[in-house]
Amino acid sequence: RTAQRGYRLVKAREDLLRMIGCPKTFDQTCANKIRRYLVSRGCNARYVWGTYAFLISDCDIPQGFQLLEPLDFHSLTEFMTDDIEYVFHGVTSKKPSDLLRYGPNQFPRERVTFKVFYFSEETLDMFRSVMQPVTVDGEVALKAGDYYIYLTPTSISSEKSLGLILTRPKPAILLVDEELESFGDLKRKSLQKSERGYFSTLQVIKRDTLEKILAGGNSAKLYMRVNVLSALITKSGGVPYRLRILAKSDFARTIARLFNGGVFIGIAIGRPQGYDKYYKAVASIITADLTVKLYYHPILKGSSLEMSLQEIESFVNTLVKELRDLAARQSIELVAIFRTRRFKYDEGEILLDRLRDRLFKNAKRLGEQPVILAIGVSKYMPLLAEGGRDTAWVVESVVEDGEEHGSLLYKFRGFKNTVRIEYRAGGALEKIGIGEGERNAAGLVLAAYEYTRRLDITSPYPIKQRMLPAPIKFAKRLLKWII
């Protein structure tokens, strides 16, 4: 595919619209006519749905279009992506892999032991080769800084024996030689409630994954060691790391403060095989300090991928109940809702309005009104980003009636694809100075996307392979177990 640069249609050129037979109101029909017009001029063209923007390459720019300005991440957020730092045990680092060197931010006081259930000795040997355990007083353990997770290998003979795992209240590792028919059922039954919310206590590692890692060499081994250790620390009730933004400007400090009091919610949408309706509100909640991660799932089923008014009401009611519980532990400055499908205009507007109204009614319990974001994230075509920068294109940014809605295209320097980010921002937008510039909400949304990619405490490394925000990833994982 050809890398394309983004261009935006200039609204003032009504002569262009008339020339190609567009109505006065710009709509999908008009967009299709413009795209065909561009193709007739030899252009490679693609319409950015719901905006006035097109991605164009391989031709001269016709009159009536202007080049979308490529902006680096810093120009929108006033900090760099590398300024989102990992806080381990008394040490701050730029790399999630330093978990191995410094140890977790928080580790259980009691001894942590995982039984390692396995079907074959060969797979167990592969696991040892990848994870490189150490011997401590004659016992085998995984090491992170000065902390140890002890391993007790236990052989099992068949899939029927897996019931042994679920009768144990403590976490376990399961090494499998092939795909398990009961995988989803096992993961769902392994969800257990703790002070920090609901977690799956079962870590499943497939033999073919171990084979790929061994073939990938030392760097691949490092990736897996970091990710597995991070997941095991989480399952045992610890916190692998916390995040901190190195903020040097007022706006960056405002973003950092909002995120420190942030609640990040992921929505997954899916349809079981052979079923004609969608599950569309399976959600995860993650707080910024990572001491709480709640899974909850008000299951809403319908033929449409979008939420109806009644479904929005049900979703908001459940969400506000969860926020009340969280407010007892932290001040809620921001509520950000993510999903992989864009929120339609009226859907996003109603969701924000209902949530804002319900939060206002619960102000005595929740504190002051938070900033509220509804964000849709999806992969898009590759754009030409020069210089290896983290580059964004503000496709649209509109402020009206005290809210802002817009669209961004964003390419992190390690991504192969450009991510499309659609958003609506409401609530206490005065906290980000929405009156001072139209891009403040866009900057907050972009920062939230990068921040939540790093909240994936079960698989944080390498960050260039983490395109989905962690709340969406956790929700999609839970949905998979349910259906």
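# Exercises on a predicted model

A374 is buried, having a relative accessible area of 2%. This value, like those below, comes from a predicted model.

**Exercise 1.** Determine where A374 lies and which residues far from A374 in sequence are in contact with A374.

*Solution.* Step 1: locate the residue. A374 belongs to strand β22. Step 2: apply the cut-off. Buried means under 20% relative accessible area, and A374 has 2%, so A374 counts as buried. Step 3: list the contacts. With neighbours within four places in sequence left aside, A374 is in contact with I337, F343, L351, L352, E422, Y423 and R424. Step 4: check a C-alpha separation. V335 is 39 residues from A374 along the chain, and their C-alpha atoms are separated by 8.6 Å.

**Exercise 2.** Decide whether G266 is buried or exposed, and name its contacts.

*Solution.* Step 1: G266 is placed in strand β17, which covers residues 262-270. Step 2: its relative accessible area is 0%, so G266 is buried. Step 3: beyond neighbours within four places in sequence, the contacts of G266 are V282, A283, S284, F338, P471, I472 and A475. Step 4: R339 lies 73 residues away along the chain, yet the C-alpha atoms of G266 and R339 are 5.8 Å apart.

**Exercise 3.** Describe the surroundings of D390, including the polar contact of its side chain.

*Solution.* Step 1: D390 sits in the loop that joins β22 (371-380) and β23 (391-400). Step 2: a relative accessible area of 8% makes D390 buried. Step 3: the side chains of D390 and R413 are joined by a polar contact of 2.6 Å. Step 4: R413 is also one of the contacts of D390 outside four places in sequence, a list that includes L71, D72, F73 and T81 as well as Y410, K411 and F412.

**Exercise 4.** Work out which side chains of strand β2 are buried, and how β2 pairs with β3.

*Solution.* Step 1: the side chains alternate along β2 (residues 44-47). A45 and Y47 point to one face and are buried, whereas N44 and R46 point to the other and are not. Step 2: β2 pairs with β3 (residues 53-57) in the antiparallel sense, over four bridges. R46 has L55 as its bridge partner in β3. Step 3: the two strands form a hairpin with five residues between them. In the turn, G50 has a positive phi of about 80°.

**Exercise 5.** Explain why the buried residues of helix α5 lie on the same side.

*Solution.* Step 1: the buried residues in α5 (residues 121-131) are T123, L124, M126, F127, V130 and M131. Step 2: they cover an arc of only 155° around the axis, so they are on the same side of α5. Step 3: recall the helix repeat. An α-helix has 3.6 residues a turn, so residues three or four places apart point the same way. Step 4: just after α5, Q132 takes a positive phi of about 50°.

**Exercise 6.** Find which strands stand at the edges of the six-stranded open sheet, and which helices lie across β15.

*Solution.* Step 1: the strand order is β9-β10-β11-β8-β12-β15, with mixed pairing. Step 2: β9 (134-136) and β15 (202-206) each have a single partner strand, so these two stand at the edges. Step 3: neighbouring strands in this sheet are turned by 35° against each other on average, ignoring direction. Step 4: β9 pairs with β10 (residues 139-144) in the antiparallel sense over three bridges, and V134 stands opposite A141 in β10. Step 5: helix α8 (residues 207-216) lies across β12 and β15, at about 60° to β15. Helix α9 (residues 218-235) lies across β8, β10, β11, β12 and β15, at about 160° to β15.

Key: Residues are numbered from 1 along each chain as its sequence is written. This is a predicted model: local features need pLDDT of at least 70, side-chain atom pairs count only at pLDDT 80 or more; totals for chains, interfaces and linings use all residues. Side-chain values use heavy atoms; hydrogens and water are left out. Buried means under 20% relative accessible area, exposed over 50%, partly exposed in between (1.4 Å probe, protein chains only). Two strands pair if DSSP finds at least two bridges between them. Contact means heavy atoms within 4.5 Å. The arc is that of the directions from the helix axis to the C-beta atoms. A polar contact is a pair of N or O atoms within 3.5 Å; within protein, one must be able to donate a hydrogen and the other to accept it, and residues adjacent in sequence count only if both atoms are side-chain atoms. Axes are lines fitted to C-alpha atoms, for helices over the stretch in contact, and angles run from 0 to 180 degrees between N-to-C directions.
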